[in-house]
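Open the model in your viewer and keep the selection tool at hand. We will go stop by stop.

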Amino acid sequence: MSNKPANKIQDLQYFGEFGGVNPSISDSATYTFLHAKTMLDTFEGHAEGCYLYSRHTSPSNLYLSEALAAMEFTETANVSASGMGAITSVLMQLCGAGDHIVSSRTIYGGSYAFLKNFAPKFNITTSFVDITSLESIEAAINKNTKVIYCEVVSNPLLEIANVEALSKIAKKHNIKLVVDNTFSPLIMSPQKLGADVTIHSLTKFINGTNDTVGGVVCGSQEFIDSLRSVNDGAAMLLGPVMDSVRSASILKNLRTLHLRMKKHSENAAYLAEHFEKDGLKVVYPGLESHPDHKLFKKMYNKEYGFGGIMTIDVGNLAKANELMELMQHNNLGYLAVSLGFYKTLFSASGTSTSSEIPEEEQIKMGLSDGIIRFSIGLDNDIERTYRAMRKCMTTVGVL
Ligand code: PLP
């Protein structure tokens, strides 16, 4: 794979209707037509450039969608009200009653809960597999399988999906490879490695300011059109639509994503290396000790590094809680779920963002209750942060 910059966002030119340097925000739920016939054509999907109703699409949402499609090298994209809105509409679009999904077992707890508890109401079943074992993925595929689903860098265990190999399996069985790239925007370009559909929770790194939830589906024009179809499109009919004011603000934040990702990665790499040297159980894809370090290096756009997320296993939940409370007390970050913020965020995944996964499953996949997931912030002086964090670790007896 080439190491060309993944960020083509700077090349896009958008102007407001009065020549403003930012596109105007479309503040309308519905749109007028000069001719009644054009309205009918728009309903049938034949009227290029016309807007119908903002649940279908809106100018502001299209601007953001096109910028994200450029980032992901896909033909087009569709933004949604949340990452879950994107994930659920894609899976409901691709699968119907009787269909089957092969999913990585280490995925965000909400995605897991949807597949495990919600999709079965529509008779859509899922086999959860170890995504690093290509044999077990292929073995789980049956004649009803429609989708392989995984996160490129998994939440919270930071397992790496071999997108190229998974894509070969998917093509062989004529099924779709759907990947969630939330942890690694710009770092990974799954479409270039053969993914059919790439999803993001925009809530995280892409927006970066923790002021809204949002999501996007990046894919072919044909697939995005199907999601938006007035007759049977999951995005159109389930209605997880993003508000235009929000898409305008996310578009503005997207312009600094390349700078932020580099800094998140630089800071996380510094802490991961130092804490590993100190003898802590650190998991970070940039460390040679990470089982998929080589695979990550084969796949990534080097200039953006190994990402802003690392985990440290401090042994048990009580220690994890004590440490997190102390770090928050010392203003080293916030004890909060989510990720991709300017401030470091930490949470014990097993009892928070992965709590939907039953305990015995957590144990099987290696998610122990002492694991703290860190989303490393944009601290200007990471050496100082390291020293202060280390002090907290000594105080609670982790070091
Ligand atoms: N995908 C991943 C990897 C996530 O971590 C999350 C949320 O934590 C989601 C999807 C869901 O996104 P949202 O909270 O925007 O619905």
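How many salt bridges does a search of the whole structure find? The search finds 11. Keep in mind that this is a predicted model.

**Stop one: a salt bridge.** Select Lys-263 and Glu-266. These two residues form a salt bridge. Their closest N and O atoms are 3.2 Å apart. Now show the backbone around the pair. Both residues lie in helix 10, which covers residues 257–277. They are three residues apart, about one turn of the helix.

**Stop two: the ligand.** Select the ligand and show what surrounds it. There are 13 residues around the ligand. Those that come nearest are Met-84, Asp-180, Ser-201, Thr-203 and Lys-204. What kinds of residues make up the shell around the ligand? Three are nonpolar, seven are polar and three are charged. Next, colour helix 3, residues 83–94. This helix gives the largest share of the shell, three residues.

**Stop three: polar side chains at the ligand.** Select Asp-180. One of its polar side-chain atoms lies 2.6 Å from a nitrogen atom of the ligand. Move to Ser-201. Here a polar side-chain atom is 2.8 Å from an oxygen atom of the ligand. Then pick Asn-155. A polar atom of its side chain lies 3.0 Å from an oxygen atom of the ligand. How much of the ligand does the protein bury? Taken alone, the ligand exposes 390 Å², and the protein buries 92% of that. Switch on a surface if you can. The space taken by the ligand is the second largest pocket.

**Stop four: a cis peptide bond.** Stay at Asn-155 and add Pro-156. Most peptide bonds are trans. The bond from Asn-155 to Pro-156 is cis, with omega near 0 degrees. Pro-156 sits in the loop between strand 4 (145–151) and helix 6 (163–172).

**Stop five: a positive phi.** Finish at Asn-123. Most residues other than glycine have a negative phi. For Asn-123, phi is positive, near 60 degrees. Look at the backbone on either side. Asn-123 is in the loop between helix 4 (109–118) and strand 3 (125–129).

Terms used: Residues are numbered from 1 along each chain as its sequence is written. This is a predicted model: local features need pLDDT of at least 70, side-chain atom pairs count only at pLDDT 80 or more; totals for chains, interfaces and linings use all residues. Side-chain values use heavy atoms; hydrogens and water are left out. A residue is near a molecule or strand if one of its heavy atoms lies within 4 Å of it. A polar contact is a pair of N or O atoms within 3.5 Å; within protein, one must be able to donate a hydrogen and the other to accept it, and residues adjacent in sequence count only if both atoms are side-chain atoms. Accessible areas come from the Shrake-Rupley method with a 1.4 Å probe; for residues, only the protein chains shown count as cover. On a 1 Å grid over the protein atoms alone, a cavity is a set of points where a 1.4 Å probe fits but cannot get out, and a pocket is an open set with protein on both sides within 12 Å along at least five of seven lines; lining residues have an atom within 4 Å of a point. A molecule sits in a cavity or pocket if more than half of its atoms lie within 2 Å of its grid points. Helices (H or I, at least four residues) and strands (E, at least two) are DSSP runs, numbered from the N terminus. Ala, Val, Leu, Ile, Met, Phe, Trp, Tyr, Cys and Pro count as nonpolar, Asp, Glu, Lys and Arg as charged, and the others, Gly among them, as polar. A salt bridge is a side-chain nitrogen of Lys or Arg within 4 Å of a carboxyl oxygen of Asp or Glu.
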